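Please explain how the strands and helices of this structure are arranged, and how its two chains meet. A guided reading in running paragraphs would be most useful.

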Amino acid sequence: MTTALALEQLLNGIQLGVMLFLMAAGLTLIFGVMGLINLAHGSLYMVGAFACATVAAWTGSFWLGLIASLACAAAAGAIVELAVIRRLYDRDHLDQVLATFALILIFSEGTRWLFGDFPLYLDIPALLQGVVTLPGDASYPVYRLAIIAVGALIALGLYLLIGKTRLGMRIRAGESDREMIGALGVDIRTLYTLVFALGSALAGLAGALVGALQSVQVGMGEPVLILAFVVIVIGGIGSIKGALYGALLVGVTDTLGRFLLPQFLALFVDPSEAGMIGGAMASMLIYVVMAVILAVKPRGLFPPAHA
Amino acid sequence: MKKMLAAATMALSLGASGLAMAEPLKIGMITTLSGGGAGLGVDTRDGFMLAIKQSGNKDITVVTEDDAQKPELAVQIADKMIQSDQVDVLTGIVWSNLLMAVVPGAVAQGKFYVSTNAAPAALAGQGCNKLYFNAAYQNDNLHEAMGEYAAKTYKKMFILAPNYPAGKDSLTGFKRYYKGELAGEVYTKVGQTDYAAEIAQMRASGADGIFVFLPGGMGISFMKQFAQSGVKIPVMGPGFSFSQDVLPAIGDAALGAKASGQWAPDFDTDVSKKFLADFQKEYNRLPSIYAVQAYDAAQLIVSAAGKASVKDADAFRNELLKADIQSPRGNFKFNTNQHPIQDIYLTEVVKKDGVLTNKTVEKIFTDHGDAYAKDCKI
């Protein structure tokens, strides 16, 4: 194995982690502020991807599609919050899970009804086509580097928003004591709608960015949602910082596991066998990591202070 | 005299009914109409119904239900269709794992199953059954064809498939004919959407050709990411990797990809041209290989139903075995294990009038059966 390949795989891991962070940040924000488990987060990811693909097909511009994905996912999130989620804050988690699971089905079948059964086409914008040469003569797609940059910007933006602005202060206050902030005259209902729309917009952005790499199809959100849950459990539920570290850890572990485990096993058994066993072990790896972390730190790496 | 007349009338009417066979036949179609794999199920259903409609046979009814690509749901639907709908023939399942869950139970209850796609090795060899027919292929066939093509053309192949039974069958089938050096053999997670790590390995492996078996959304993701990665190694796969249901979503990234198939839209035969025109007229899109397979499955059932009663299992089976149909694929007959013997072609993805489609390049196999038929004792 060359350093170039190792560097490329490390970048792949970070890029996967960044994607997961965009999903996990919204999920953990919503849980942290409102105590709500939102299974329909993956549907908002799908909404973002479909909005981007549709607008990009109409206008020929990926960038307009990207704006549409943010707008549509945020709008869908706000509508869902006003119509359904609002009634669930005082209910227990089982009711929330049931209601948001129903939302998944409604979103999936609704999307199929609107867009049909076949996957949509979405390509990366001309500006980000192509590859760059990395040290050691490896090359790496520009688009994936751009995703890493977007993720870093979003992480920084969230840090500033939550740490430095009035809205962020209210979000933090909401996290630590919901009743008190309401008693102090903050319009908690609007705050909840805003937070939900923000989390949804992040999911929509992730969906649009990934849509250009993958297939834009109904049900695309659910596999990512499972990984996003692993991320927030590892990071500490409700912690944005935890989501960032958790996402990078999961992304890098998964990528390197897929790459190194079969090669390692090939030292002992024949390559075909090693590929099969290594592949199976690699798909379990992140769950093993999660189990180990939870055994040592039951509340995740960075549990929020109040929880 | 009166008695004789009566006997003669009876004999006549018996003879007449023997010709017309107005025996009702009920077909239960279980296929995937929701979720990520819905495109395949929709093409299966549409191809099947086209043949039923064209037959004009009013005695055949079809009940269709969605299995959502879930084995447990498929089993429930099959039980319901057999017990309360009282169907005579089951068909339509796209996925091998669902088929394995349904077929043993269905044939044990004396029902025919005519597969439109899934064809696991387990049902082609020792596990073959008189009531189980496959109108599509045996799962290994298209992979074997690519192995044969790669053996002639490339020296060092990198091969990749998802880690599940059909994925393993795929690479086994490929290696049955490709005996050259392997630059890598990788199994990925089922439903994996990011292949950056695997593509990096391909680039570093020094392979001169890549064979991938990634059905549905997985293949779309892989081909887009592969094109974006700037790796220039030729890619090939079995026909369904570049079938009409996924090509629009992959886009130009698929251009030039080689694949194997029993049929392509450019087949220059009257039967194929008529099928293509009829399908486009009915549904306003190009059919995929799944539609052709389902079309032939329906034709097989219709042809047998015209000559024998499904209540007489042996007679019905013999009629099915004759494969008295006009297949868009061309030559089509059944092997001893009731799987097809057919020609397999090399195809290439091209753009024709702005639409991505497959063009036939050459014939790889003539009258190709499968490796399991010799173990089938029926």
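In this predicted model, Gly28(B) stands opposite Leu90(B), a residue of β3(B). The strands concerned are β1 (residues 25-31) and β3 (residues 89-91) of chain B, which pair in the parallel sense over 3 bridges. Both belong to an open sheet of 5 strands in chain B, whose order is β2-β1-β3-β4-β5 and whose pairing is parallel. At its edges are β2 (60-66) and β5 (132-134) of chain B, each of which pairs on one side only. From one strand to the next, the twist averages 20°.

Helices lie across this sheet. Helix α3 (residues 71-83) of chain B lies across β1, β2 and β3 of chain B, and its direction is at about 170° to β1(B). Helix α4 (residues 96-108) of chain B lies across β1, β3, β4 (112-115) and β5 of chain B, running at about 150° to β4(B).

Another pair of strands in chain B follows an antiparallel course: β12 (residues 340-352) is joined to β13 (residues 355-368) by 10 bridges. Within this pair, Ile344(B) stands opposite Phe365(B) in β13(B). The two strands, β12(B) and β13(B), form a hairpin with 2 residues between them. In the turn, Asp353(B) has a positive phi of about 50°.

We turn now to the contact between the chains. Chain B contributes 34 residues to it and chain A contributes 39 residues. On the side of chain B that touches chain A, at least two residues come from each of α2 (38-55), β7 (181-188), α7 (196-205), α8 (217-229) and α9 (247-250) of chain B. Of these, α8(B) gives the most, with 7 residues. By class, the residues on this side of chain B comprise 12 nonpolar, 16 polar and 6 charged.

One part of the meeting between chains involves helix α1 (residues 3-34) of chain A and α7(B), whose axes come within 9 Å and cross at roughly 165°. As angles over 145 degrees count as roughly antiparallel, α1(A) and α7(B) are therefore roughly antiparallel to each other. Their crossing, that of α1(A) and α7(B), is right-handed. From α1(A), the residues Leu5(A), Glu8(A), Gln9(A), Asn12(A) and Gln15(A) meet Ala196(B), Ala197(B), Ala200(B) and Ala204(B) of α7(B). The residues in this contact of α1(A) with α7(B) divide into 5 nonpolar, 3 polar and 1 charged.

Definitions and conventions. Residues are numbered from 1 along each chain as its sequence is written. Chains are lettered from A and ligands numbered from 1 in the order in which they are written. This is a predicted model: local features need pLDDT of at least 70, side-chain atom pairs count only at pLDDT 80 or more; totals for chains, interfaces and linings use all residues. Two strands pair if DSSP finds at least two bridges between them. Helices (H or I, at least four residues) and strands (E, at least two) are DSSP runs, numbered from the N terminus. Axes are lines fitted to C-alpha atoms, for helices over the stretch in contact, and angles run from 0 to 180 degrees between N-to-C directions. Two residues are in contact if their C-beta atoms, placed from the backbone, lie within 7 Å. Ala, Val, Leu, Ile, Met, Phe, Trp, Tyr, Cys and Pro count as nonpolar, Asp, Glu, Lys and Arg as charged, and the others, Gly among them, as polar. Angles under 35 degrees count as roughly parallel, over 145 as roughly antiparallel, 65 to 115 as roughly perpendicular and the rest as oblique. A crossing is left-handed if the near helix is turned anticlockwise from the far one by less than a right angle, and right-handed if clockwise.
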